[in-house]
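Here is a set of questions and answers on one structure. Please look at the sequence and the coordinates first.

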Amino acid sequence: MQDREQRWATEMRAAQRGCGESYIRLLGDIAQSLRPLMAGDLRRFGLQESDAEDVIQEVLLAIHLKRDTWSDDRPFLPWLRAIARHKLIDFARRRRRRGEVPIEEVAGSLPAEAPAAPSAVPLQRLLNELPQRQREVVESLAVAGASVGETADKLNMSRGAVYVAFHRGLAALALKFGEWG
Amino acid sequence: MNTDQLIRALAIDLEATSAATSYQPLWRRLIIATSVSSLPSLAVILFVLSRSPHLAHGVTATIAYTVAAALALAAGSFWTAMGLSRPEAETQHAWLILPALVLAGGIGTELAQTPPATWEARLWGNNPLACFFCVLLLSLPILAGALVALRAGAPTHPRISGAMAGLLAGGVTAALYTLHCPEDSLLFIAAWHVPAIALVSLIGAAVAARVLRW
C-alpha cells in the first residue's frame, strides 16, 4: 500500500509537469485496480456490476479535470479514493432517481443473463451528442488514434484549435456523464 | 470509446493544457473573485447610500467590533471553503466560535455601558428591515463570485462549501456596510445583520448543490 502510494504519487507528479507517458501508466493502473473494487461496490449498492467500466471512465475524467486539486505535498491515495467514492455515490444516486429496480431482486426467477458487452459503454453515445467540431476532434484523437497534426490537417484546423476543441469536448463529456444514467 | 482510448485522450489533453495554460492556485482565484465581485457592492455603499454619521467621530466601538467579527467570519469561511475544495477534506466548523465570541464580547461591553431602558430601542434601530435587505442583497454578487471561483475545486461536500461562500460574502459585506450603517449598536447588528448573513449562507448552500457539481 505504502509502495503504491509512493509509486502513484511519483507518476502523478510527473504527469502534473506534463509527462503523458507517466499519466497513461498511472491512469491505466488506477483503472485496473478500480475494476474489482467498483464491481463490488456497485453490487453492494444493488446496482449492476456491468456498469463498473462506466463509473471508472467517469472517475478517470474527474481525475483529469480536477488534477490541480491534488498538491504533491499531500498523500495521493486519499485524494483518489475521495474522487472515486464521490463519482460512485453520484452514479448510484442518479440510478436511484431514475427508479431502476435492482436486478438482484428479480435475478432469482430469471435465467442467468450474459454480462453486457463492454462495447455498450455510454461514452460513445455521449460522444454523439457533442457539437460536431468537438466530436470530430475527440473521435479522431481518442478513438481513431490520429496525431494532433493529422487531425488538424484532416479537419482543416490549426493545432491550437484542435487542442481547444479537444479540451472542451472532454469537459463536455464529463458534464454529460453527470446528466446521463 | 473504450477506457484505454479515453486514457490516451486524457494524456494528449494533459500535454496540451500543461503547455498552454498558466495554472492559478485556488486561493488566488478565490481572493480575486471575492475582491472583484465586492466592487459593485462597495460602489453602492460609497456612492448611493449615505455615509455613516458615526464615522465622523472616528471608529466607534460598534464599528470596531462589527468589522472584527465580520473579518473573522470572512477569513474563517475563506479558509474552510479552500480546504473543502480538496475532495478528501473533512469539514471543520470549530472556528465559527471566533466571530461569535467577538460579537458576544462586544454585546457584553455594550450592555454593561448602556442603561437597560435603551436596549430595546437599540435592538430595533430606526429601519431594521432596510439594513437586513441591504446586507442580504449586497452580499449576493459576492456570493456569486466566490461560487464561480470555487467551481475550479472538487468539493465533495458542495452544500457546505456553498454555505461557506455565503458566510464569506456576508462577512465581507457586513464589514463594508459599516461605512453606511446608521445604527450604533451591536444588538442591532446581531439582530439584523447576522440573520441576513445566515440567509446568504443558506442561499449559498442551496445554489451550490447545483453550481458546485462536478
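The turns below go from the chains to their interface, then to a helix pair and single residues.

This is a predicted model, in which local features need pLDDT of at least 70, side-chain atom pairs count only at pLDDT 80 or more, and totals for chains, interfaces and linings use all residues. Residues are numbered from 1 along each chain as its sequence is written, chains are lettered from A and ligands numbered from 1 in the order in which they are written, and side-chain values use heavy atoms, with hydrogens and water left out.

Reader: How many helices and strands does chain A have?

Author: Helices (H or I, at least four residues) and strands (E, at least two) are DSSP runs, numbered from the N terminus. From that end, chain A reads α-α-α-α-α-α-α-α-α. The count for chain A is 9 helices and 0 strands.

Reader: And how many helices and strands are in chain B?

Author: Along the sequence, chain B gives α-α-α-α-α-α-α-α. Its C-alpha atoms fill a box of roughly 75 × 35 × 25 Å along the principal axes. Chain B comes to 8 helices and 0 strands.

Reader: What share of the residues of chain B is buried?

Author: Buried means under 20% relative accessible area, exposed over 50%, and partly exposed in between (1.4 Å probe, protein chains only). In chain A, 48% of the 181 residues are buried. For the 214 residues of chain B, the share is 49%.

Reader: What share of the accessible surface of chain B do carbon and sulfur atoms supply?

Author: Accessible areas come from the Shrake-Rupley method with a 1.4 Å probe, and for residues only the protein chains shown count as cover. Chain A has about 9,400 Å² of such surface, 51% of it on carbon and sulfur atoms. Chain B exposes about 9,800 Å², and the carbon and sulfur share there is 69%.

Reader: Among contacts in chain B between residues at least 6 apart in sequence, what share joins residues at least 24 apart?

Author: Contact means heavy atoms within 4.5 Å. For chain A, the corresponding share is 65%. For chain B, it is 87%.

Reader: Which three residues of chain B supply more of the area it buries against chain A than any other three?

Author: Buried area is the accessible area (1.4 Å probe) that two parts lose on being put together, summed over both. Chains B and A bury about 3,200 Å² between them, with 66% on carbon and sulfur atoms. Of the area that chain B buries, 24% comes from M1(B), L14(B) and W214(B).

Reader: How many residues does the contact take from each chain?

Author: One residue with partners across the two chains is L27(A), which touches L60(A), I63(A), I7(B) and L10(B), leaving out residues up to four places away in sequence. L27(A) lies in helix α2 (residues 20-44) of chain A, and its relative accessible area is 0%. The whole contact takes 45 residues from chain A and 30 residues from chain B.

Reader: At what angle do helices α6 and α8 of chain B pack?

Author: Two packed helices are described by the angle between their axes and the distance between the axes. Axes are lines fitted to C-alpha atoms, for helices over the stretch in contact, and angles run from 0 to 180 degrees between N-to-C directions. Helix α6 (residues 128-150) and helix α8 (residues 186-211) of chain B have axes 9 Å apart and an angle of about 30 degrees.

Reader: Is H193(B) buried or exposed?

Author: H193(B) lies in helix α8 of chain B. Not counting residues up to four places away in sequence, H193(B) touches C131(B), V135(B), Y177(B), C181(B) and F188(B). Its relative accessibility is 1%, so H193(B) counts as buried.

Reader: Which residue of chain A has a positive phi although it is not a glycine?

Author: Most residues other than glycine have a negative phi. The residue asked for is in the loop between α8 (148-155) and α9 (159-179) of chain A, and it is exposed at 70% relative accessibility. With a phi of about 60 degrees, it is N156(A).
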